[in-house]
Every structure is written in C-alpha cells, then in structure tokens.
Amino acid sequence: MKVLSKAYNILIFAFLYAPIAVMIFFSFNSAKSFRRFEGFSLRWYTELFQDQVILKSLYISLAVAALSAVIATLIGTLASVGIHSMRGAKKRVYLAVNNIPVTNPDIVTAISMMVLFVFFVTRLNMMEMGFGTLLISHITFNIPYVVLSVMPKLRGLNDNIYEAAQDLGCPPAKSFLKVVVPQISQGIVTGFIMAFTLSLDDFVISYFNSGSTAQTLPVTIYSMTKRPYSPKINALSTLLFVAVMILLLVVNLRKSGENKKEAKH
Amino acid sequence: MNRKDSLFKRVITAPYTVWMAIFVVVPIALVVYYALTDADGHFSAANITAIVDYGRTFRISIELALVSTAICLVMAYPLAYAIARMKARRQGTMIMLVMLPMWMNFLIRTYAWIAILADKGLINSFFQLLNPDFPGFKMIGTRGAVVLGMVYNFLPYMILPIYTVLTKIEQSTIEAAQDLGANRAQVFRRVLLPMSVPGIISGVTMVFVPAVSTFVISKLLGAGKTYLIGDIIENFFLGNTGTVNYNIGASLSLVLMLMILISMAVMNHFDKDESAGGML
C-alpha cells in the first residue's frame with residue numbers, strides 16, 4: 001500500500017512537471033523544432049532579449065502590477081477598517097459587492113468592464129482603451145482580495161485599544177496609523193503580494209481591457225501562440241519558471257525563519 | 001463610538017464605495033442593460049431568447065467542465081491525503097511542489113501541451129521512432145485534449161483545499177474509528193469523506209468555474225473545433241466587426257454568471273447540511 005501510494009504521488013508530480021520539463025529542455029534546442037533536439041544553444045534566449053514587443057509588454061506587466069497593487073492596497077485597507085465597524089444590512093451589502101469580482105468568472109468581470117469603457121469611449125469620448133483602462137481594471141479586481149486578507153486581521157483585533165487611544169486625545173487618523181495599522185500589517189502585506197501576483201498573472205481581464213497600445217506579457221504570449229511555433233516562448237517560460245522558483249524559495253525560507261522566531265517567544 | 005471617529009471611518013471608506021460602485025456595480029448593470037436591449041437601445045427580449053441557439057454550446061461547456069472537475073477530484077484526493085499524513089516539514093515541500101506550476105501563467109502551461117500532443121509532437125514522434133509507418137494519433141482538436149488541458153491547469157486548485165481540510169482531521173479520529181471496528185472503506189466513507197466536504201466543495205468550485213468559462217484552453221488545444229461558451233462570448237466582444245454583438249454577448253455572460261451563482265448557492269447549502277449532519 002505504501003509503495004502504491006508513493007508511486008501514485010510520483011505519477012501525479014510527473015504529470016504536473018512533464019510539460020514544464022519539455023519546455024525547458026527545448027528552450028536550449030538550436031533548431032526551431034520540438035521534435036528533434038539538434039544541439040545545445042542559447043539562441044532563443046538571445047532572440048528573446050532582442051524582441052522589443054516582449055520587453056515592452058514585460059515592462060507594462062510590471063508597471064501595472066506594481067501600480068494596481070499599491071492603489072488597491074491603499075483603497076482596500078482603508079475600506080476594510082470602515083467595513084469592519086459597519087453593522088447589519090449595510091455590512092452585508094458591502095461584503096456581497098466585494099465578492100462579485102471574486103466569484104464571477106474572469107470573462108464576465110472582463111466584459112462587464114469592457115462594456116463600461118466602450119460606453120464611455122463611444123458615447124462620451126472620455127478616454128481610449130489603453131494603459132488607463134488596463135490599470136483601472138486591475139485595481140478593480142485586486143481591491144476585493146486586499147479587503148479579504150485585511151478583514152480577518154481586524155476581526156482578531158482588540159477594538160478597545162483603538163478607542164482608548166482616542167479617549168486619551170489621539171485623533172482618529174493618528175490612532176488608526178499608530179494603533180491599527182501596525183497590528184494588521186501582516187494582512188496588508190499579504191493583500192499587497194496577492195494583488196501584485198494576481199495582476200502579473202492575469203490574462204483574461206487584460207485581454208479585454210488593454211486595447212492595442214498596452215499589452216501585458218500574458219496578452220503578448222497569447223498572440224505568440226497564435227503564430228507559428230517559436231521556441232522563444234520556451235525560453236521565456238524557462239526564465240519565468242526559474243524566477244518563480246527563486247521567489248517561492250525565498251518566501252518559504254523567510255516564513256520558516258519567522259516560524260522559528262515565533263517558536264522561541 | 002464618537003462622532004469624529006464615525007466621520008473618519010466614513011471618509012476612509014468613501015474611495016472604496018465610489019470605486020466599487022463605478023467599476024463593479026455599474027458594469028454589471030450595463031451588462032443587464034445590454035442583454036435586455038437591441039442595437040438601437042430599445043427594450044428587447046430577443047437576446048434572451050437567442051440563448052436557445054447556444055444551448056448545445058452550453059451543454060458541451062458544462063459537460064467538459066464537469067468531466068474535468070470529476071477527474072481532478074479523483075486524482076487530487078489520494079495525493080492530498082498522502083501529503084496530509086506526511087511529516088510537517090515534508091508537507092511544506094510537497095505543497096510548494098504542487099503550487100509551483102500554478103504560479104506559471106496558464107497560457108504557458110497550456111502551450112506546453114501543444115508540443116506534446118501535436119500531430120508532429122512528442123508523443124507521435126516517439127511512436128514513429130518505434131514504428132516508422134505509425135500513422136500518428138490525432139489529439140489536438142479533440143475534446144479529450146481540452147479536458148486534459150483543464151485537468152492539468154486546475155488540478156492544484158483541487159489538491160490545495162482538500163489537503164487543508166484533511167490536515168485538520170486528527171489521526172486519533174481515524175484511529176478511534178478503527179478501534180470501534182471500522183475497516184478501511186468505512187473509515188473513508190463514514191469519517192474522512194464527510195469531514196472533507198468543505199474542502200471538496202471549494203475545490204470543485206475553484207476547478208469548475210474557470211473550466212466552464214475558459215476560452216483559451218479550447219482555442220489552443222481544441223484548435224477551434226471544440227467551441228465553448230467562453231469562445232462564443234469572446235467572439236461577440238472581440239471578434240471581427242461582422243460578428244461583434246454586445247447585446248447577445250451580454251445576455252450569454254449574464255446566463256453564465258447566474259448559472260454559476262445558482263450552482264454555488266446550491267453547493268453552499270449542501271455544505272451546511274453536511275456539516276450540520278456531521279455534528280449530530
């Protein structure tokens with residue numbers, strides 16, 4: 001039974017990693033083929049770094065992820081405090097609306113915002129599809145995740161300390177910054193990281209809301225998959241895989257370090 | 001709460017309220033508006049009745065998503081169980097291994113399968129190496145390839161929540177059942193399965209929702225032959241000028257949204273029933 005279970009686990013992990021291994025292997029192929037490996041070369045990596053379209057979309061992806069994560073974290077964190085102190089129906093309405101972008105399929109969120117933008121663009125001539133609409137759409141789907149990671153921290157908070165600060169003459173804004181924020185900082189950081197990675201990884205919402213001027217990396221990858229096979233995608237995927245692996249390792253090492261620290265206390 | 005404080009809280013919530021109203025509530029209202037009007041903006045039920053024409057696509061989408069979800073569940077449960085019973089340190093490593101592919105963009109994960117499944121891809125090359133006359137499997141463009149793409153992409157979403165609930169089941173609970181004479185199958189059916197219902201439900205939701213609404217997996221691995229509801233919606237919004245029709249696209253999206261909302265409500269209800277039953 002033990003052997004069987006082990007074999008099964010290996011099989012599932014092989015299934016999860018085989019395609020990635022294939023991509024990494026063929027990213028070093030000197031030929032433009034995924035049938036035959038004709039020799040080791042870094043040709044596709046060189047071509048990748050000379051591809052201006054890919055580099056520009058990488059830049060847009062990083063910019064929109066950073067900006068949308070910062071703005072969503074600000075709006076979401078402030079709102080969490082307000083929503084936390086609400087009661088009854090008002091609170092339920094806020095939480096329900098907050099859940100709309102989380103539960104809706106991406107494509108529905110994407111087209112609903114696209115319809116809004118097109119409505120403004122065509123009827124009022126207020127804006128064009130581009131970086132602005134892309135950024136707005138990313139902030140919109142990021143905010144709920146920030147709220148969802150900050151709210152649980154607020155629930156575990158002792159409200160009396162915040163009120164005590166005010167009774168002692170500290171104005172609400174200052175007591176919020178000095179008393180509440182330090183205690184929920186972990187939730188804020190989690191929300192920010194989540195927003196950043198969700199934004200970086202998103203394809204569907206960017207695809208419908210970026211127009212032709214502000215394509216993110218996933219949108220560019222999508223248009224590359226429609227053209228004839230190019231090993232440049234393999235090279236790009238390999239680099240992304242290595243980046244993600246390093247990031248996860250660092251985060252995990254930090255976490256286990258923190259756990260050890262907490263265990264000592 | 002003093003007056004100054006309640007004013008402060010209203011002020012800091014205001015940006016959120018305005019933002020969510022304009023970019024979440026109004027867009028949904030606009031989708032409903034488009035779904036119920038014609039191209040000139042007059043009220044019309046034509047888009048809603050037109051959905052009947054896409055009944056077959058809805059059926060195929062739901063079928064493929066259900067099949068993928070079921071396969072994910074069957075594949076994920078034993079692995080999640082095995083990980084949950086490992087030593088704490090090893091659990092962390094294994095879960096990281098499950099999550100690692102998830103952090104790759106799903107376009108790349110799907111694209112990788114084209115190299116493996118293509119007519120001149122790895123699998124066919126392998127068989128042709130053994131037998132040069134081998135005609136080759138036709139895999140890209142079949143429904144099987146689409147299901148494979150869904151299972152591959154969404155399997156971690158099933159493993160993680162099931163693993164989480166299984167770690168909360170104490171080993172002693174299982175031992176108690178065994179001491180009371182339950183065999184392996186009974187322990188699974190009467191103890192493990194009922195206790196893992198919340199994890200199964202969130203796993204099923206996290207797999208089914210993206211699977212039923214995808215248009216990328218069907219485009220890449222279905223090669224345009226397997227048309228899903230996501231493909232139709234995409235085509236109505238971003239297709240050629242001749243095919244763009246926001247009104248029908250909006251009504252299809254509305255149906256998709258309602259369908260998912262209703263099935264989630266049903267499942268949550270089921271979840272509550274189960275956990276209440278478990279308490280007795």
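1. Reading chain A from the N terminus on, one meets the elements in the order α-α-α-α-α-α-α-α-α-α-α. In this predicted model, the count for chain A therefore comes to 11 helices and 0 strands, helices being runs of at least four residues.

2. As for overall form, the radius of gyration of chain A is 23 Å, whereas the globule rule gives 18 Å for 265 residues, so chain A is more spread out than a compact globule. The C-alpha trace of chain A, followed along its principal axes, spans about 75 × 65 × 35 Å.

3. On burial and contacts, it may help to keep two percentages side by side. Of the 265 residues in chain A, 38% count as buried, and among the contacts in chain A with a separation of 6 or more, 77% are between residues that stand 24 or more positions apart.

4. A single residue can serve as a worked example. Val179(A) belongs to helix α8 of chain A, which covers residues 172-201. Is Val179(A) buried, exposed or partly exposed? Val179(A) has 18 C-beta neighbours inside 10 Å, and because a buried residue needs 20 or more while an exposed one has 12 or fewer, Val179(A) counts as partly exposed.

5. Which residues does Val179(A) touch, if those up to four places away in sequence are not counted? They are Ile161(A), Tyr162(A) and Ala165(A). For one of these, Ile161(A), the distance can also be given: Ile161(A) and Val179(A) are 18 residues apart along the chain, and their C-alpha atoms are separated by 7.4 Å.

Notes:
Residues numbered from 1 in each chain as written. Chains lettered and ligands numbered in written order. Predicted model: local features only at pLDDT ≥ 70, side-chain atom pairs only at ≥ 80, totals over all residues. Helix = DSSP H or I, 4+ residues; strand = E, 2+ residues; numbered from the N terminus. Contact = placed C-beta atoms within 7 Å. Rg over C-alpha atoms; globule rule 2.2 N^0.38 Å.
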